[in-house]
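User: Could you take a close look at the main nonpolar core of this model for me, and then walk outward from there to the rest of the chain? I would like the cut-offs spelled out as you go.

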Amino acid sequence: MSDGFEIKVCHHVFCATCMTTYVATKIRQNIVKVTCPTPKCPSELKPRHLQTILPREVIDRWETARCESIIAESQKTYCPFKDCSVLLVDDGGEVVTSAECPSCHRLFCAQFRVPWHGMMTCREFQRKKNMNKNEQDLDNKFFKLAEKKKWQKCPKCKMFVQRRSGCEHIKCRCGRSFCYHCGDKWYSGHICKKHRPSS
């Protein structure tokens, strides 16, 4: 009983270590509303109920998550730099393009939520982004076609090659000779692994 912890709102008792692990796991899973672990007990736990047993960093993370859950999704934005990613709140008002993160002090584009695009206007940036998206769509279509047609890649330069007819010996434009079926380096007397008769 010395390790027991009583939840004040519902008076259920649990091992303090187990309770700490339970709450910490919920917070890691981004579950902000933590209820008593007793099945069918609807009592909601608050950080203040557990401050005597929870480590300070768990309470801080929980309080932060609770605050963030109150903010509407449409108002949330995050610093676009991966080593920062601090939550920023768009409180409406005037349209902001260039903004400084209050945490890492780097500039970012508030409109597109990316690092500041310097010498480009937001419109130019959007146009370039759309062009890159179209290029990516074309790349994806090409890779699907290559997979469907079973085109092979040169083992040296990684360029796709297509064999229309003839033997399995391919000489790529980079100079590498290889077997179209197994990808091994071509040499005189090569026997393809994929076509090798089983003994």
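Analyst: Happy to; here is the core, followed by the parts around it and farther away.

A word on conventions: this is a predicted model, in which local features need pLDDT of at least 70 and side-chain atom pairs count only at pLDDT 80 or more, while totals for chains, interfaces and linings use all residues. Residues are numbered from 1 along each chain as its sequence is written, and side-chain values use heavy atoms, with hydrogens and water left out.

The largest nonpolar core has 17 residues. A nonpolar core here is a set of buried Ala, Val, Leu, Ile, Met, Phe, Trp, Tyr and Cys residues joined through side-chain atoms within 4.5 Å. Buried means under 20% relative accessible area, exposed over 50%, and partly exposed in between, with a 1.4 Å probe and protein chains only. The residues with the most contacts inside this core are Ile7, Met19, Val23, Leu45, Leu50, Leu54 and Trp62. Helix H1 (16-28) and helix H2 each supply at least two residues of it, and the largest share, 5 residues, comes from H1. Helices (H or I, at least four residues) and strands (E, at least two) are DSSP runs, numbered from the N terminus.

Leu45 makes a good viewpoint. Leaving out residues up to four places away in sequence, Leu45 touches Ile7, Val9, Met19, Val34, Thr35, Cys36, Leu50 and Trp62, where contact means heavy atoms within 4.5 Å. Ser43 sits in the loop between strand S3 (34-35) and strand S4. With a relative accessible area of 16%, Ser43 is buried. Its contacts, again setting aside neighbours within four places in sequence, are Val9, Cys10, Val34, Thr35 and Cys36.

Moving along the chain, Pro55 lies in the loop between strand S4 (44-45) and helix H2 (56-70). Pro55 counts as partly exposed because its relative accessibility is 31%. Pro55 and Ala24 are 31 residues apart in sequence, and their C-alpha atoms are 9.2 Å apart in space.

H2 also takes part in a pocket. The second largest pocket has a volume of about 170 Å³, and its lining consists of Ile27, Asn30, Val32, Arg61, Thr64, Ala65, Glu68, Ser69 and Lys76. H2 gives the most to that lining, with 5 residues. For the method: on a 1 Å grid over the protein atoms alone, a pocket is an open set of points where a 1.4 Å probe fits, with protein on both sides within 12 Å along at least five of seven lines, and lining residues have an atom within 4 Å of a point. Grid points are joined across faces, edges and corners, and a volume is the space filled by probe spheres set on the points.

Glu68 from that lining also gives a sense of scale: Cys154 and Glu68 are 86 residues apart in sequence and 50 Å apart in space, C-alpha to C-alpha. Cys154 is in the loop between strand S10 (152-153) and strand S11 (160-161), and is buried at 0% relative accessible area. Beyond four places in sequence, Cys154 touches Met159, Cys172, Cys174, Arg176 and Phe178.

As for cysteines, the structure holds 0 disulfides, a disulfide being a pair of cysteine sulfur atoms within 2.5 Å. The sulfur of Cys84 is 3.7 Å from the closest cysteine sulfur, in Cys101, so this pair is too far apart for a bond. Cys84 is partly exposed at 21% relative accessible area, whereas Cys179 is buried at 0%.

There is also an open sheet of 3 strands in the order S7-S8-S9, with antiparallel pairing. Its edge strands are S7 (98-100) and S9 (114-115), each of which pairs on one side only. Strand S8 (residues 107-109) pairs with S9 over 2 bridges, and two strands pair if DSSP finds at least two bridges between them. Cys109 stands opposite Val114 in S9.

Finally, two backbone angles deserve a look. His105, in the loop between S7 and S8, has a positive phi near 65 degrees although it is not a glycine; His105 is exposed at 53% relative accessibility. His11 has a positive phi of about 65 degrees, and is not a glycine either. His11 is found in the loop between strand S1 (4-6) and strand S2 (13-15), and is exposed with a relative accessible area of 54%.
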